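Student: I would like to go through this structure slowly, asking at each step how a label is earned. Could you show it to me before we begin?

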Amino acid sequence: MDTSALLIVDGANVVGSRPDGWWRDRAGAATRLRDALVPLAEAGVPPELPPPVKVVLVVEGAARGVPAVPGVEVVAAPGSGDDTMVELVAAAADRRRVVVTADRELRARVGALGAEVHGPRWLPRDR
């Protein structure tokens, strides 16, 4: 059994939380987010989420082709990214699950399964 925390990031929601032109290149924006998440696997998100952390980025739509890299697993949602994230939370009931999203409905769905939820600004990313 893996006892490390599972950090699941709502790629579309987190990317969309910043008005930096992401809509012109959704895959590029998801790739930049993925790369910014890499250090979290070893560092966690102090002080709330100590390492080690399994980091999972859920992508959908035009970002589905973004590949995984060491430290960040990328899950391409076959349909709804929200449904995929709920499935990931449900499948890992034996470990700490932390979801990053601002989507109110998704927050309620994963919260009902026992996941902790934080908004996009909780992530330590270069500004």
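Student: What is the order of the strands in the open sheet, and what kind of pairing do they have?

Tutor: This is a predicted model, and in it five strands form an open sheet in the order E3-E2-E1-E4-E5, with parallel pairing.

Student: Which strands are the edge strands, and why are they called that?

Tutor: They are strand E3 (72-76) and strand E5 (116-118), each of which pairs on one side only. On average, neighbouring strands of this sheet are turned by 25° against each other, direction ignored.

Student: How do you know that strand E1 and strand E4 are paired?

Tutor: Pairing requires at least two bridges between two strands. Strand E1 (residues 5-10) and strand E4 (residues 97-100) run parallel and are joined by four bridges, so they satisfy that requirement. Taking Val9 as an example, its bridge partner in E4 is Val100.

Student: Which helices pack on the sheet, beginning with the one that touches E3?

Tutor: Helix H4 (residues 81-91) packs on the sheet and touches E1, strand E2 (53-59), E3 and E4, while its direction makes about 175° with that of E1. Helix H5 (residues 104-112) also packs on the sheet, touching E1, E4 and E5, and its direction makes about 155° with that of E5.

Student: What makes the contact between Arg109 and Asp83 a salt bridge?

Tutor: The cut-off is 4 Å between a side-chain nitrogen of Lys or Arg and a carboxyl oxygen of Asp or Glu. In this pair the closest N and O atoms are 2.9 Å apart, which is within the cut-off, so the name applies. The pair links distant parts of the chain, with Arg109 in helix H5 and Asp83 in helix H4, 26 residues apart.

Student: Are Arg109 and Asp83 buried, exposed or partly exposed, and how do you know?

Tutor: Partly exposed means lying between the limits of 20% and 50% relative accessible area. Arg109 has 28% and Asp83 has 34%, so each of them is called partly exposed.

Student: How do you know that Arg96 and Glu116 form a salt bridge?

Tutor: Their closest N and O atoms are 2.6 Å apart, and because this is within 4 Å, the pair counts as a salt bridge. Arg96 lies in the loop between H4 and E4, Glu116 lies in strand E5, and 20 residues separate them. Arg96, at 32%, is partly exposed, as is Glu116 at 31%.

Student: Asp35 and Arg34 also meet in a salt bridge; which of these two counts as buried, and why?

Tutor: Arg34 does, because its relative accessibility is 7% and buried means under 20%. Asp35, with a relative accessible area of 40%, is partly exposed. Their side chains come to 2.8 Å, N to O, and a search of the whole structure finds four salt bridges.

Student: What makes the size of the chain agree with that of a compact globule?

Tutor: For 127 residues, a compact globule would have a radius of gyration near 14 Å, and the chain has 13 Å, so the two agree. Buried residues make up 45% of the 127 residues, and the C-alpha atoms fill a box of roughly 40 × 30 × 25 Å along the principal axes.

Technical notes:
Residues numbered from 1 in each chain as written. Predicted model: local features only at pLDDT ≥ 70, side-chain atom pairs only at ≥ 80, totals over all residues. Heavy atoms only, no water. Helix = DSSP H or I, 4+ residues; strand = E, 2+ residues; numbered from the N terminus. Axes fitted to C-alpha atoms, helices over the stretch in contact; angles between N-to-C directions. Contact = heavy atoms within 4.5 Å. Buried < 20%, exposed > 50% of the residue type's maximum accessible area, 1.4 Å probe, protein only. Rg over C-alpha atoms; globule rule 2.2 N^0.38 Å.
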